[in-house]
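Good morning, colleagues. Please take a moment with the sequence and the structure before I begin. I shall speak about charged pairs, a helix contact and a sheet.

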Amino acid sequence: MKTIALVGCGRISRRHIEAIQATEGVEIAAVCDILPERARKCAEELSVPWTTDFRKLPPVDFAAVLTPSGNHPEHAAAIAESTGIGGILCEKPISLTMREAYHLFSRIDRTGKRLLPIYQNRYNPLVILLKELVDSGRLGKLYQFICNVLWNRDNDYFSIDWHGTREFDGGVLYTQASHYVDLLHYLFGEIAESKGIGGCRRNLEVFDAVSATMRFRNGIVGSLNATVDVFEKNYQTEFTLIAENGTIRLSGTNLNRIDFWNVRDLARPDMDFTLDHIYGKGHDQLYRYLAEERWEMFPSREDVLSGIRLMEMLSY
């Protein structure tokens, strides 16, 4: 049984609680939040101890860092250095800058502990299918992709103290679209070059809309558009892949639907699935991999660093 301490009891913690409770082989052993009432409420619900200081957490197997994005590198490294906790799970993004990311990896490497970045959309069944088709060569030469993340975040969302700030948020690529930056690296490898532009319709410190074009080292070119300015509610996420032997288009809130399928000698699979919340189903699979010690199923350091390099270049 792998024991988990939650560090941060805010919005995303609910999804982690649900996923851990639904997964055999993992359990929550403690929680931490700087707000005593929030930590106490979460702890009472789970019947576990709580603290406002992560340095006082018990020596569990893993700490899940679920704090504001800009705090991730310092919290993850400090937990590894100052506690008996065995490893660190860290919500995306692990940092907002390359300098912070390299420093984080260096500090954790010196402790001999494991850092597992959380990019749960990799475990989406349709993303896994795409990955298999790309890696097997079934699609032939890869030509082009189009990825659009067309979401809404209203003014109430940005009234939360750290949202929309340079120090803790980073902007739409980090806080909303980083899963799709990771998706591109997961499918295509490292970026060779990229260009982009960002804008903001609100009085924020960061971009709430970005459009970028890029070329990967394997030769594929494509575009990524991300916004949180869609009227009233999320529109959708969409991903189109154009290759020598086929064209595939996925869409839905979390790429949970096949909209177009034309692949040589391969019928359209019946793999559409429904979602019961905005975060998809990937966290459940993530914790299964953790319970099974399937470390290879987590993002590589190279993918994470390349993604942060892209996001920092286009956002700051």
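**Salt bridges, a helix pair and a sheet**

The structure holds 21 salt bridges. Please bear in mind that this is a predicted model. I shall take three of the pairs in turn.

Let me begin with R15 and E18, whose side chains meet in a salt bridge, with 3.3 Å from N to O. Why are these two residues about one helical turn apart? Both belong to helix α1, residues 13-21, and they are separated by about one helical turn because they stand three residues apart in that helix. As for their surroundings, R15 has a relative accessible area of 5% and is buried, because the cut-off for that class is under 20%. E18, in turn, has a relative accessibility of 34% and counts as partly exposed.

The second pair is D53 and R55, which form a salt bridge with their closest N and O atoms 3.7 Å apart. D53 has a relative accessible area of 24%, which makes this residue partly exposed. R55 is partly exposed as well, with a relative accessible area of 47%.

The third pair is R201 and D229, a salt bridge in which the closest N and O atoms are 3.1 Å apart. Which parts of the chain does this pair tie together? R201 lies in the loop between β8 (191-199) and β9 (209-216), while D229 lies in the loop between β10 (221-227) and β11 (236-243), so the pair connects parts that are 28 residues apart in sequence. R201 counts as exposed, at 55% relative accessibility, whereas D229 counts as partly exposed, at 23%. Beyond this pair, salt bridges with shared partners join R201, R202, D208 and D229 into one network.

I turn now to the helices. Helix α5, residues 125-136, and helix α8, residues 178-188, have axes that come within 9 Å and cross at roughly 30 degrees. Because angles under 35 degrees count as roughly parallel, α5 is roughly parallel to α8. Which residues meet in this contact? From α5 there are V127, L130, K131 and V134, and from α8 there are L183, Y186 and L187. Sorted by class, the contact has six nonpolar residues, no polar residues and one charged residue.

This brings me to the sheet. It is an open sheet of seven strands with mixed pairing, in the order β8-β9-β10-β7-β11-β12-β13. Which strands stand at the edges? They are β8 and β13 (257-263); each has a single partner strand, so one side of each is left without a neighbour in the sheet. From one strand to the next, the twist averages 5 degrees.

Within the sheet, β9 and β10 run antiparallel and are joined by seven bridges. Across this pairing, T213 stands opposite S223 in β10.

Helix α8, already met as the partner of α5, also packs on the sheet, where α8 touches β7 (142-150), β8, β9, β10 and β11. The direction of α8 makes about 20 degrees with that of β11. Helix α10, residues 301-315, packs on the sheet too, touching β8 and β9. The direction of α10 makes about 35 degrees with that of β8.

To close, I would draw your attention again to α8, which meets α5 through L183, Y186 and L187 and also packs on the sheet. Thank you for your attention.

Technical notes. Residues are numbered from 1 along each chain as its sequence is written. This is a predicted model: local features need pLDDT of at least 70, side-chain atom pairs count only at pLDDT 80 or more; totals for chains, interfaces and linings use all residues. Side-chain values use heavy atoms; hydrogens and water are left out. A salt bridge is a side-chain nitrogen of Lys or Arg within 4 Å of a carboxyl oxygen of Asp or Glu. Helices (H or I, at least four residues) and strands (E, at least two) are DSSP runs, numbered from the N terminus. Buried means under 20% relative accessible area, exposed over 50%, partly exposed in between (1.4 Å probe, protein chains only). Axes are lines fitted to C-alpha atoms, for helices over the stretch in contact, and angles run from 0 to 180 degrees between N-to-C directions. Angles under 35 degrees count as roughly parallel, over 145 as roughly antiparallel, 65 to 115 as roughly perpendicular and the rest as oblique. Contact means heavy atoms within 4.5 Å. Ala, Val, Leu, Ile, Met, Phe, Trp, Tyr, Cys and Pro count as nonpolar, Asp, Glu, Lys and Arg as charged, and the others, Gly among them, as polar. Two strands pair if DSSP finds at least two bridges between them.
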